[in-house]
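Please open the model in your viewer and keep the selection panel at hand. The stops below move from one selection to the next, with a short account of what is found at each.

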Amino acid sequence: MIGFGALGSRLAAALRASGCQVSVMDTDSLALIGAAESGYPTYRHVGDALRAIRPFVVVGTTGEDALTEADLAALPDRVLLAPFATKDFSLLAEPRHAATVTNIPGVGRRYHFPTGRSAVLLGDGRSLNLYEADAIPNQGYDAYRAGTLIAATELCRRIDQLEPGVHADLVDEIIAASGLFDVYYDTYLALTTPGLGRTTPHAVSTVVSHPTQAEPALRACVVGYGVAGRMHSMILADHGAALTILDPKYQDLPTAHQSFPHGVAELPDTIAGHIRLWSVCCPTAEHLPVLRSILTRNPQARVLLEKPACQGHEIDVLAALLASHRNARIILADQYTHATTLPVLNDLIAHYEPDHPVEVIAITFSKDRTSDISSGRFIDRAYGVLGYEWLHMLAVLRQLLPAPTMASYMASNPERAELWATYDPRLFVSALTERDTITTDDRRLRIELSTSITGSTMPLSSTPRTAPCEPGQWRRGRRPADDRHRHITVHAGQTRFTAHLDPVTAPDGWQLDRNHHRITVERAGRLLHDEVLEDSPLHTAIDAAVTTLLGSDPLPALDLAPLRRIAGLAELLRAQQPQTTRTTLNTSDG
């Protein structure tokens, strides 16, 4: 990586997250310090780096000449050169450096050097994000090209009247007077009236017409196009929804849908007024402002809200907002409420241990997010690890406990539980285990919830794949090692019941395909039941939410008890946070 500025540092993190070994060269000492402290091997000169390593790709982000003639001689044969600034590898444009140049369609150009070696310049020498693609959305690029033509035509017409200089204000006047903005709005933003075409203003001699199209069954708007937003968009599109995507952070907005790099407040009325369902998938800190903007535009809006609904200090404000908009219909995304695996698990418990109560429920949801965290993604400093999987674990627990028992647990003071927390200066708390005992009807039930976002290990209680199964369900090497585990263990009588949710890898290396889950029943070392179920809880949850939101049946009030639970836990953990850099602390002893 030549250059470790704003772009180079982000590219380096993305490449490292993809498994690349990244080395950094920069002439700026402060940039080198930042790169070295981030764990990258660093060099002051490209030649030093090329003598120490043999890269398969050299990335340029400097905007200056990144390679010298001496550096060209040190490049490995068939190396890839990736320019993210036009001038980085402009040295190759000089004919004396290459004997021949071969175009590779869709890839770039191969430069054959007199030494017999070669290098491939990805793209055509321009920035890679401009190569055979538009750096701005196609709709905007249409307007840019049209504006260029309009301005050039008019400036040529006035050439004898213009003084030497740069006439930026005049160009603005020409574009505004041409009617281009009206055409852009009518073409891409205004709603189409079936059977009617539109004629643009007289200043532009183009007629824009629209074919008659059937109105889509559902117009939905997804706010936030990160991981959750992409999944929601995919599922809604699969069901025929016409999508509008909003993301002020402009995260590679899709060209297949109507997309805007701004927020709800800036959405044109002609679009916002026809949205029947909103899906809020932006970061948690933005949920409340986005929900308020939606309800301001439509007090009766139908909203699917990702978890957590808001930050801990905002819960009362959220409750007041909901109370003042009783005609709105709002649902929290809760995929494990709809997981078909959990009812099957309950049925098996009732079948194999009908006379014994459940004694232990242990739930582990963990995911190694270290690569995401290093690139600045998935960082929740308000809730820490509680903002990731804890609400999912509470949803699972709700499916396994009788309603009165769950209500008793949710109402209990978190201070009575045994908490093992791993504090992290970047993430507040990066791992947490809660152990608690609930007493109901003179019966004691032990509960253990455990989660981590910086490591993921297969629980020791996992069972090898030994029972017969359907052909093709299990295979080795389906995918790399899982970095996420969702594991539920229940003890009743002499029997252990285990649900291993997607993704599933058995201890002997066999794997199930995605959206496949496994339930086993064991007693005295003997496997009584081994079942594989196929289910996509997220698809089911979104399907159910859409049906409910667009329906007319009364909705129960939004259940904020799980949110209050994690907010209480976060407050307790923050009050006991040590001053050391990284500590594992048992808070049960105060």
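A crossing of two helices is called left-handed if the near helix is turned anticlockwise from the far one by less than a right angle, and right-handed if it is turned clockwise. The model on the screen is a predicted one.

**The whole chain**

Begin with the full protein chain, colored by secondary structure, in which 17 helices and 26 strands can be traced. Of its 590 residues, 46% are buried, and among the contacts with a separation of 6 or more, 62% are between residues 24 or more positions apart.

**Helices α11 and α17**

Select residues 315–323 for helix α11 and residues 561–575 for helix α17, which pack at an angle of about 165° with their axes 11 Å apart. Since angles over 145 degrees count as roughly antiparallel, α11 is therefore roughly antiparallel to α17. With the definition above in mind, the crossing of these two helices can be recognised as left-handed. Show side chains next: on the α11 side the contact involves Ile-315, Asp-316 and Ala-319, which meet Leu-563, Arg-564 and Ala-567 of α17. Sorted by class, the residues of this contact are four nonpolar and two charged, with no polar ones.

**Helix α14 against α17**

Keep α17 selected and add α14, residues 390–400; the two helices pack at an angle of about 130°, and their axes lie 10 Å apart. That angle makes α14 oblique to α17. In contrast to the left-handed crossing of α11 and α17, α14 passes α17 in a right-handed crossing. Here Trp-390, Leu-391, Leu-394 and Arg-398 of α14 meet Pro-562, Leu-563, Arg-565, Ile-566 and Leu-569 of α17. The class division of this contact is seven nonpolar, no polar and two charged residues. Leu-563 is worth labelling, as it takes part in the contact with α11 and also in the contact with α14.

**Helix α14 against α15**

Now hide α17 and select residues 403–411, helix α15, which packs with α14 at an angle of about 145°, with the axes 8 Å apart. The crossing of α14 with α15 is right-handed. Leu-394, Leu-397 and Arg-398 of α14 make the contact together with Met-406, Tyr-409 and Met-410 of α15, and by class these residues are five nonpolar and one charged, with no polar residue. Leu-394 and Arg-398 appear in this contact as well as in the one between α14 and α17.

**The six-stranded sheet**

Which strands form the open sheet, and in what order do they lie? Its six strands follow the order β12-β11-β10-β13-β14-β15, with parallel pairing. Strands β12 (258–260) and β15 (329–332) stand at the edges with a single partner strand each, so one side of each has no neighbour in the sheet. Neighbouring strands are turned by 15° against each other on average, direction ignored. Within the sheet, select β10 (residues 219–223) and β13 (residues 277–280), which run parallel and are joined by four bridges; Ala-220 stands opposite Leu-277 in β13.

**Val-24**

Finish at Val-24, which lies in strand β1 (residues 24–25). Is Val-24 buried or exposed? Val-24 has a relative accessible area of 1% and so is buried. Leaving aside residues up to four places away in sequence, Val-24 touches Met-1, Phe-4, Leu-32, Ala-35, Tyr-40, Pro-41, Thr-42 and Tyr-43. Of these, Tyr-40 can be checked with a distance label: the C-alpha atoms of Val-24 and Tyr-40, 16 residues apart along the chain, are separated by 6.5 Å.

Technical notes: Residues numbered from 1 in each chain as written. Predicted model: local features only at pLDDT ≥ 70, side-chain atom pairs only at ≥ 80, totals over all residues. Heavy atoms only, no water. Axes fitted to C-alpha atoms, helices over the stretch in contact; angles between N-to-C directions. Parallel < 35°, antiparallel > 145°, perpendicular 65-115°, else oblique. Contact = heavy atoms within 4.5 Å. Nonpolar A, V, L, I, M, F, W, Y, C, P; charged D, E, K, R; others polar. Pairing = 2+ DSSP bridges. Buried < 20%, exposed > 50% of the residue type's maximum accessible area, 1.4 Å probe, protein only.
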